[in-house]
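Reader: Hello! I would like a close look at one part of this protein, and then a walk outward from there to whatever surrounds it. Could you take me through it at an easy pace?

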Amino acid sequence: MSVVITVAPTGPLATKADNPTLPTQPPEIADEVLRAYQAGATVAHIHLRDEDDQPTADRDIARRTMELIAERCDILVQLSTGVGLSVPFEERARLVDLRPAMATLNPCSMSFGDGEFLNPPRKVRELAARMRDLEVKPELEIYDTGHLEAALRLRDEGYLRTDPLQFSIVLGVRGGMAATPENLITMVRRIPENAVWQVIAVGRANLSLTGIGLALGGNARAGMEDTLHLGPGAPTKGNLPLVERAVRLAEDLGHTVADVAQTREALGLPRL
Ligand code: KMH
Ligand code: ZN
């Protein structure tokens, strides 16, 4: 079986003070994405930062980042519409107008650490419709069991004309499901049979839950959005060691790592 490895080089929260190797500016992100691609990643999940390293949905920064990535490699770009807790939903939603191959769709509002992650039902429907009309494939971000039901309702209402459905099971965000094997198995059992899914394991359980996800037939995501460490007291030096670890895990479990063409096929994206 071939598995898709997604690199998530930068999230909305960590700073260079937390780990100086975190890429934040467009050329840094593009260089990290290239390194991850060369190691086996075929999807790049992208958050953007402004000149002050704050999360932003600025479309010029997004466009520039996408161009720098495309100059370097043919990795599939998935823009985050989560962006960051401080950025209004409407600005986040406008990112899909850049027509990346994929973008995330977060179906529900929730507490997110000490903040609030606002995804009101009406606006989520508008964003889903926009993604459907622009043919931007949604990755459905499921932080709790009810988020799956909300996503399936969107499908039933015709907002997700995308085959297969693609889910991220997010574990370890404070406000969502805890990062435990039991929670992962519960979610995997509930996900529709033909859907594609990966684990996003935030924090300390990143390695073990990524491994369990791969063993259960899922894809994998790796990168500094989800953990800044390779182990206790061992900060990672950039994204590459995390991506290489996910590739090693997949291969040790007997999988092959999908190339871009195989990733397009697996995710139901148009062939070039
Ligand atoms: N930050 C992760 C917990 C998104 O960017 O839209 C989930 C995520 C979702 O990556
Ligand atoms: Zn993200």
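Which residues lie nearest the centre of the second largest pocket, and how many residues line it?

Author: Happy to. Please keep in mind that this is a predicted model. The second largest pocket is lined by 28 residues, and those nearest its centre are Pro 100, Ala 101, Glu 135, Leu 269 and Pro 270. The space inside this pocket comes to about 590 Å³. Sorted by class, its lining holds 19 nonpolar, 7 charged and 2 polar residues.

Four elements, helix 2, strand 6, helix 4 (121-134) and strand 10 (137-142), each supply at least two residues of that lining. Helix 4 has the largest share, with 4 residues. Pro 121 has its place in helix 4. With a relative accessibility of 55%, Pro 121 counts as exposed, because the cut-off for that word is over 50%. Ser 109 is 12 residues from Pro 121 in sequence, and their C-alpha atoms are 8.3 Å apart in space.

Two of the elements around this pocket lead on to the interior. Helix 2 (59-72) and strand 6 (76-79) each give two or more residues to the largest nonpolar core, as do strand 2 (5-7), helix 1 (26-39), strand 3 (43-46), strand 13 (219-222) and helix 8 (240-252). This core has 38 residues, and the members that touch the most others are Ile 5, Val 33, Ile 46, Ile 69, Ile 75, Leu 95 and Val 243. In soluble globular proteins, nonpolar side chains tend to be buried together. Ile 75 makes a good example to click on. Beyond its neighbours within four places in sequence, Ile 75 is in contact with Val 7, Val 33, Tyr 37, Ala 41, Thr 42, Val 43, Ala 44 and Ile 69. There is also a second, separate core of 31 residues, including Ala 93, Val 124, Met 131 and Leu 148.

From strand 3 we can step to the metal. His 45 and His 47, each through NE2, and Glu 225, through OE, are the protein donors of the zinc ion (ligand 2), at 2.0 to 2.1 Å from it. Along the chain these donors follow the spacing H-x1-H-x177-E. His 47 sits in the loop between strand 3 and strand 4 (48-49), while Glu 225 sits in the loop between strand 13 and strand 14 (229-231), so the pair ties together parts that are 178 residues apart in sequence. Both His 47 and Glu 225 are buried.

Glu 225 also takes us to the largest pocket. Together with Leu 13, Val 202, Gly 203 and Asp 226, Glu 225 is among the residues nearest the centre of that pocket, which has 42 lining residues. The volume of the largest pocket is about 910 Å³. Its lining divides into 17 nonpolar, 17 polar and 8 charged residues. Strand 9 (115-117), helix 7 and strand 14 each supply at least two of them, and strand 14 gives the most, with 3 residues.

Helix 7 is worth a pause. This helix covers residues 206-215, and its buried residues are Asn 206, Leu 209, Thr 210, Gly 211, Gly 213 and Leu 214. They pack against strand 1 (2-3), strand 11 (166-171), helix 6 (181-190), strand 12 (196-201), strand 13 and helix 8. After helix 7 comes Gly 217, with a positive phi near 100 degrees.

Asn 206 and Thr 210 of helix 7 also belong to the lining of the largest cavity, along with Leu 207, Arg 221, Ala 222, Leu 242, Arg 245, Ala 246 and Leu 249. Helix 7, strand 13 and helix 8 each give two or more residues to this lining, and helix 8 has the largest share, with 4 residues. The space in the largest cavity is about 60 Å³, and its lining residues divide into 5 nonpolar, 2 polar and 2 charged.

The count of cavities of 30 Å³ or more comes to 2, so that leaves one last stop. The second largest cavity holds about 40 Å³ of space. Strand 12 gives the most to its lining, with 3 residues. Among the lining residues are Val 4, Thr 6, Val 43, Glu 139, Trp 197 and Leu 267. By class, this lining has 5 nonpolar, 4 polar and 1 charged residues.

Technical notes:
Residues are numbered from 1 along each chain as its sequence is written. Chains are lettered from A and ligands numbered from 1 in the order in which they are written. This is a predicted model: local features need pLDDT of at least 70, side-chain atom pairs count only at pLDDT 80 or more; totals for chains, interfaces and linings use all residues. Side-chain values use heavy atoms; hydrogens and water are left out. A nonpolar core is a set of buried Ala, Val, Leu, Ile, Met, Phe, Trp, Tyr and Cys residues joined through side-chain atoms within 4.5 Å. Buried means under 20% relative accessible area, exposed over 50%, partly exposed in between (1.4 Å probe, protein chains only). Contact means heavy atoms within 4.5 Å. Donors are N, O and S atoms within 2.8 Å of the metal (3.2 Å for Na, K and Ca); water is not among the atoms, so sites may look incomplete. On a 1 Å grid over the protein atoms alone, a cavity is a set of points where a 1.4 Å probe fits but cannot get out, and a pocket is an open set with protein on both sides within 12 Å along at least five of seven lines; lining residues have an atom within 4 Å of a point. Grid points are joined across faces, edges and corners, and a volume is the space filled by probe spheres set on the points. Ala, Val, Leu, Ile, Met, Phe, Trp, Tyr, Cys and Pro count as nonpolar, Asp, Glu, Lys and Arg as charged, and the others, Gly among them, as polar.
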